[in-house]
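Grab a coffee and work through these short exercises. Try each task on the structure before you read its solution.

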Amino acid sequence: GLGEHRAKAERMFSLMDGFLKNDPISLQKDILHHVEYTVARSRFSFDDFEAYQALSHTIRDRLIERWHDTHIFFKRTKPKRLYFLSLEFLMGRSLSNSVINLGIQDQCAEALNQLGFEFEVVAEQEGDAALGNGGLARFSACQMDSLATLDYPAWGYGLRYEYGLFRQIIVDGFQHEQPDYWLNFGNPWEIARIHVTYEVKFYGTVEEVEMNGDKQKIWIPGETVEAVAYDNPIPGYGTRNTINLRLWAAKPSSKFDLEAYNTGDYINSVVNRQRAETISNVLYPDDRSHQGKELRLKQQYFFVSASLQDIMRRFKEEHTNFDELPEKVALHLNDTHPSLSIAEVMRMLVDEEHLNWNKAWDIVCKIFSFTTHTMVAEGLEKIPVDLLGSLLPRHLEILYEINHHFMEELKERIGLDYSRLSQMSIVEEGAVKSIRMANLSIVCSHTVNGVSKLHLETLKTKTFKDFYGLWPEKFQCKTNGVTQRRWIVVSNPSLRDLISKWLGTEAWIRDPDILSGLRDHVDNADFHLEWKMVKRINKMRLAEYIEAMSGVKVSLDAMFDVQVKRIHEYKRQLLNIFGIIHRYNCLKNMDKDSRRKVVPRVCIIGGKAAPGYEMAKKIIKLCHAVAEKINNDTDIGDLLKLVFIPDYNVSVAELVMPGADLSQHLSTAGNEASGTGNMKFLMNGCLLLATEDGSTVEIIEEIGADNLFLFGAKVDEVADLRENGVSNLAPLQNASPLKVPLQFVRILRMVRDGYFGHKDYFKTLCDSVEAANDYYLLGTDFMSYLEAQAAADKTFVNQEKWTRMSILSVAGSGRFSSDRTIQDYAESTWKINPCRCPL
Ligand code: GL7
């Protein structure tokens, strides 16, 4: 009874001596305890990596306490919960971020110090959790940090890939991919929940059965695998709240097939069972295109099915009536990757809970929201009907039925406009009949979010014009953001201290708008001096890293000019490289006197190419070929260096961004939905050289066009430039120098003619600019690009002006915090309230 329960609880409390303590002595005791009993090394002899393991477990214990309290509190208060569904999370390292969010950074540093270790060195031991590709995946991670910090009752759901994003190694200038078997050394940041498992089914048939006089469809699946939960606590900053990121791993089903074992083929049966695990084995390394692969579809459904069973179980523990679902559950689709959820919830409600179709649909339409992260229609996900029908036969039927209802509604609204009907249909008839996952997501979601103002505009006027006409109120803009906890506090401690000193508060770490207070000091000479000193320290760290990685010694007086992001034609790394070749040509033609006036540059490029993306791989090779020429030219010396940073990832970004003077964001206008790298550089006082694309448009609004270097065609000019052939390079030989600058033609020739070697290999790269009508407008934008570069050089000479611009960049970066993004989503899309766990 109740009395017994209370007695037990009291005894438990008397056995516990309160929460774990965070003073340096208690931390040391815990670290040594974990060295001895978790890592199983001697306390008298352990190395940096073992210190990392022991400290991580020490922190993990503290995370678990808070995480328990948070979940008990959520359970007690039963708020509406947000479930953030994403196939990708790029978390990076956890140690530094955790100690900062727990507010025990100094204590940990001191504890380690007294044990003879250095926090920075120990933190360096950690590998990145790279369960995602690029911006989309890192944005998911930033959003988790903000959800926890702002006390929202949220859960993240994802997949626990055993192989994260491949490691990039460079051999002879070419990219090679190595598997990232990241769990090899153990992962202290996760908690295996071996009892939280669900069966996920695939294949089979659909049968019709009689139920209470009604005909009812049921799915008889053909294969079962098990999903096991791995929980990753996500601590908020300045709060006890610690939320959960639950990642699923596939395991063979515990119910084995007796038949198979009885045939005597024991070995093969075991091997076949093991195949189930392949589902969550490997992350697909393409960041923007997915072409109907069965394994990918299996991953998506595996993820969706396990997450929704978990979510429904939690709902049913607290509620009996599905009418309450929209008041208690918000499901967010991070891009279309989890959008099979829509069909799955329908299946659960109709087939398993026996709600009638209309009732179920009514509920479903109130719980889903959707964010799309792509600009161009070709980037939208489609799933071939044949594939879907064989893997998930019942879901295909449900999708057809959803579409049937939608088409009927649409005919009533717009009449028999067949061209429009077929364009808006969820089912695409064509050479390969397929399901349009974006259309499905729009039809069923109550809000459709773009990731920048410009992106939303494109969605309304182009990509989803017809849907916007039908449901204008659904379309919203939630400009992306990044967390200042990781992108300033963790990555740039010197800047953190400087900002706090001059603002007289650390409150900006929770309330980023306060950063605007830096404007008050923008002309203060002492502030300038300290500001430049911080940049110098960070450049020093970066220079050391560059030398270690590439052997190239760089001068700290040079302008560090960085472009780091996935390699893509539309991101125009090629424009950057052509600009570097141009700079090289100019230097070669200069006399000694003019050279003395040149601003020295260190050009830094980094990023991975999808393994199957030939053009991107050629861009990487070209970068290396050009670097080899320039860096070994004794004529040039420190005036120009080009380095490629291999294996760009979150932890490399943390080092590179604080050390950059200038960063480049060169996407052809209308191609980058938002971009988030620009925001991270902005927060680190790095000036931007950029096109007016994605979220840069809003950065301009915030800091003013004078505080960055803009160039290139604007989004509404691009179509014209393409269509009217203004930039057509076909008649290259006699091109008008006004339209296609001669310099550009010359550089293209150099590459084509083998000036940098590898003539044959670079041919298709040159063709992609020349023969393909210069789709990304490199030629068109080239002069404007060079002008922006010249303006950057000129400004760099005027250090006072440069520092002013740098300060104003940070001062204007508050709006680009993911805290702002998340608060906006919470209030206007998810309708959830903060739920703050008491201390
Ligand atoms: C992306 C967009 O390309 C990028 O502009 C955006 O910042 C990011 C987050 O919204 O999403 N879409 C996409 O598929 N990837 C992105 O990075 C991989």
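**Exercise 1: a surface patch**

Start with Phe13, which sits in helix α1 (residues 2-15); helices are DSSP runs of H or I with at least four residues. The model is predicted, so local features need pLDDT of at least 70 and side-chain atom pairs 80 or more, while totals for chains, interfaces and linings use all residues. Residues are numbered from 1 along each chain as its sequence is written, and side-chain values use heavy atoms, without hydrogens and water.

Task: work out whether Phe13 is buried or exposed.

Solution: Phe13 has 60% relative accessibility, so it counts as exposed (buried is under 20%, exposed over 50%, partly exposed in between, with a 1.4 Å probe and protein chains only).

**Exercise 2: two positive phi angles**

Task: decide which is buried and which is exposed, Ala40 or Arg572.

Solution: First, the angles. Most residues other than glycine have a negative phi. Ala40, not a glycine, has a positive phi of about 60°, and Arg572 has one of about 55°. Next, the surroundings. Ala40 is exposed, with a relative accessible area of 59%, whereas Arg572 is buried at 0%.

**Exercise 3: the ligand**

Task: find what lies 2.5 Å from an oxygen atom of the ligand.

Solution: Go contact by contact (N or O atoms paired within 3.5 Å). A polar backbone atom of Leu136 is 3.1 Å from a ligand oxygen. For Asp287, a backbone N or O atom lies 3.3 Å from one. That leaves His373, with a polar side-chain atom 2.5 Å from an oxygen atom of the ligand.

Methods:
Helices (H or I, at least four residues) and strands (E, at least two) are DSSP runs, numbered from the N terminus. A polar contact is a pair of N or O atoms within 3.5 Å; within protein, one must be able to donate a hydrogen and the other to accept it, and residues adjacent in sequence count only if both atoms are side-chain atoms.
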